[in-house]
There are 2 protein chains.
Amino acid sequence: MKYVSKNQLQRYPVYHKLLLNHLKNGEEFISSRVIAAELGYSEEQVRKDLQAITTYPGTPKRGRNLNELVLSLEEFLGYNDMSQAILIGVGHLGAALLNYKLFPQMGLKIIEAFDNDPKKVGLTINNIEVKDYSSIKEFIKSSGVKIAILCIPGENLQVIVDEIVKMGIVGIWNFAPGVINVPDRITVQNVDLASSFAVLTHNMKQKIKAK
Amino acid sequence: MKYVSKNQLQRYPVYHKLLLNHLKNGEEFISSRVIAAELGYSEEQVRKDLQAITTYPGTPKRGRNLNELVLSLEEFLGYNDMSQAILIGVGHLGAALLNYKLFPQMGLKIIEAFDNDPKKVGLTINNIEVKDYSSIKEFIKSSGVKIAILCIPGENLQVIVDEIVKMGIVGIWNFAPGVINVPDRITVQNVDLASSFAVLTHNMKQKIKAK
DNA sequence: TTAATTTCGGTAAAACAGTATCGATTGGAT
DNA sequence: ATCCAATCGATACTGTTTTACCGAAATTAA
């Protein structure tokens, strides 16, 4: 398996989703050119991306075996061995994520949720129980869960992060706004709405200028 | 104003958020070195990023004027002239976004929401009314709104996109999974949870390997 | 069976982004 | 008043990511 850059990595789930649609249509082969055209990528980039994670080559004039390609993507993305995670903070956004239907397809299963609001504790959302935050330590220890999804307000963010890291969490998917500091061995992935929106508005401005 | 790369662009809201905190503490100056340390960036990168969007230089031994820096960032990011947007699809995620408290700080105001579910239509969430999707055309025309936030299931995604583009929407913030095709003049920014989660798990694996 | 065409994989070149270096300038300490 | 340390901006360098190119291989069609 070759080295994969961050941008490249983010493209793989996009390929996966597209290819699933083609697979549904009963197609058997697909060429890099077709994929590139549908996604708006360059042909060379698609070829390089796919070469990096597949073991079997494609065949000239036909392209790649669609089924094999999907399997390679799922293997690479780890969609086969489901990742278990806990969710912390059952506010509007946290509840929406508990209800998010596509996580299983992405190899993610939320096994428990935590909040410190008594009104939330005891609820069951999409078959996931909401427990009191005070019980989180025991749960992390006993379940061995490694990933936490953070949906808490910004104020206590770093405090909570420090706590759960000490309890054994090594991967943090952070939906809360704000920067968090962790030791090197911990992985953090931020979902930063402000950054995403900034890209949108900036690109809109650029297009207006270009006219 | 110099050219700004996409990665660079995504860092500016992060700077902005950090600097607001420092401003709250009553600080007057801040050096690139301090910013770099707090965000885990390199000192040079911070300096280069800030140089690209500011007009006034920093002063040696003190750093940059914090207030001026924040103003430059807000100016660059367009936080001053508030962007108006509509939201389409008031499901769990859509409702969570309607309740999201930080949009005003990001220069975003959602002025109306649309859904085709009669149970949703007529609700008012966080002072935003949910209207029937059939009335969207009139609203876009009369309000002149340019940005749409999409939170609809994947099935009708492209159909809706084609419709709203025809009605005058030019910027789409897409929270729905799946690739959408638009004319060149339209800007799309995807919030792709699958890609984000893939980066998290991949980085976690890399760290385990590196041990 | 042969020719034409498509697509492949690998390599080379170009573009881009990030890092390091360096002289200049300023503020504060002595 | 002078010196020292910190920070700046600019530029040069390095590395990474993307794009372009090219010969080879395989399928389809004549």
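This dialogue walks through a predicted model of two protein chains with two DNA strands.

Student: What should I know before reading any value?

Tutor: This is a predicted model, so to speak with limits: local features need pLDDT of at least 70, side-chain atom pairs count only at pLDDT 80 or more, and totals for chains, interfaces and linings use all residues. Residues are numbered from 1 along each chain as its sequence is written, chains are lettered from A and ligands numbered from 1 in the order written, and side-chain values use heavy atoms, without hydrogens and water.

Student: What does the secondary structure of chain A come to?

Tutor: Helices (DSSP H or I, at least four residues) and strands (E, at least two) are runs numbered from the N terminus. Chain A has eight helices and nine strands. Its C-alpha atoms fill a box of roughly 60 × 45 × 35 Å along the principal axes.

Student: How many of the contacts in chain A link distant positions?

Tutor: Contact means heavy atoms within 4.5 Å. Take the contacts in chain A with a separation of 6 or more: residues 24 or more positions apart account for 57% of them.

Student: How is chain B related to chain A?

Tutor: Copies are superposed by least squares on the C-alpha atoms of residues with pLDDT of at least 70 in both. Here a turn of 180 degrees and a shift of 0.0 Å along the axis lay chain B on chain A, with an RMSD of 0.1 Å. That is the relation of a two-fold axis. Both copies use the same surface: 100% of the contact residues of chain B recur in chain A.

Student: Which residues come nearest to DNA strand C?

Tutor: A residue is near a strand if one of its heavy atoms lies within 4 Å of it. There are 23 residues around DNA strand C, and A:Arg47, A:Gly58, A:Arg64, B:Ser5 and B:Glu44 come nearest. Of the strand C atoms within 4 Å of the protein, sugar and phosphate account for 68%.

Student: Where are phosphate oxygens of strand C approached by polar atoms?

Tutor: A polar contact is a pair of N or O atoms within 3.5 Å; within protein, one must be able to donate a hydrogen and the other to accept it, and residues adjacent in sequence count only if both atoms are side-chain atoms. The side chain of A:Arg47 places an N or O atom 2.8 Å from a phosphate oxygen of DNA strand C. For the side chain of A:Arg33 the distance is 3.1 Å. A:Ser32 uses a polar backbone atom, at 3.3 Å.

Student: Which elements build the surface near strand C?

Tutor: Both chains contribute. Helix H2 (32-39) and helix H3 (43-53) of chain A, with helix H1 (6-24) and helix H3 (43-53) of chain B, each supply at least two residues. H3(B) gives the largest share, three residues.

Student: What classes of residue make up that surface?

Tutor: Ala, Val, Leu, Ile, Met, Phe, Trp, Tyr, Cys and Pro count as nonpolar, Asp, Glu, Lys and Arg as charged, and the others, Gly among them, as polar. Near strand C there are four nonpolar, nine polar and 10 charged residues.

Student: And what is found around DNA strand D?

Tutor: Strand D has 23 residues around it; A:Tyr3, A:Lys48, B:Arg47, B:Gly58 and B:Arg64 come nearest. Sugar or phosphate supplies 69% of the strand D atoms within 4 Å of the protein, and bases the rest. A backbone N or O atom of B:Gly58 lies 2.8 Å from a phosphate oxygen of this strand. A polar side-chain atom of A:Arg11 is 3.3 Å from one. The largest share of the surface, three residues, comes from H3(A). By class, the surface has four nonpolar, 10 polar and nine charged residues.

Student: How do I read burial and the core?

Tutor: In soluble globular proteins, nonpolar side chains tend to be buried together. Buried means under 20% relative accessible area, exposed over 50%, partly exposed in between (1.4 Å probe, protein chains only). In chain A, 48% of the 211 residues count as buried. A nonpolar core is a set of buried Ala, Val, Leu, Ile, Met, Phe, Trp, Tyr and Cys residues joined through side-chain atoms within 4.5 Å. The largest core has 104 residues; A:Ile35, A:Ile149, A:Trp173, B:Ile35, B:Ile149 and B:Trp173 touch the most other members. Beyond its neighbours within four places in sequence, B:Ile149 has contacts including B:Leu97, B:Trp173 and B:Phe175. A second, separate core of 23 residues includes B:Tyr133 and B:Val161.

Student: Is B:His202 buried or exposed?

Tutor: B:His202 counts as buried, because its relative accessibility is 12%. This residue sits in helix H8 (residues 193-210) of chain B. Leaving aside neighbours within four places in sequence, B:His202 is in contact with A:Leu9 and A:Phe76.
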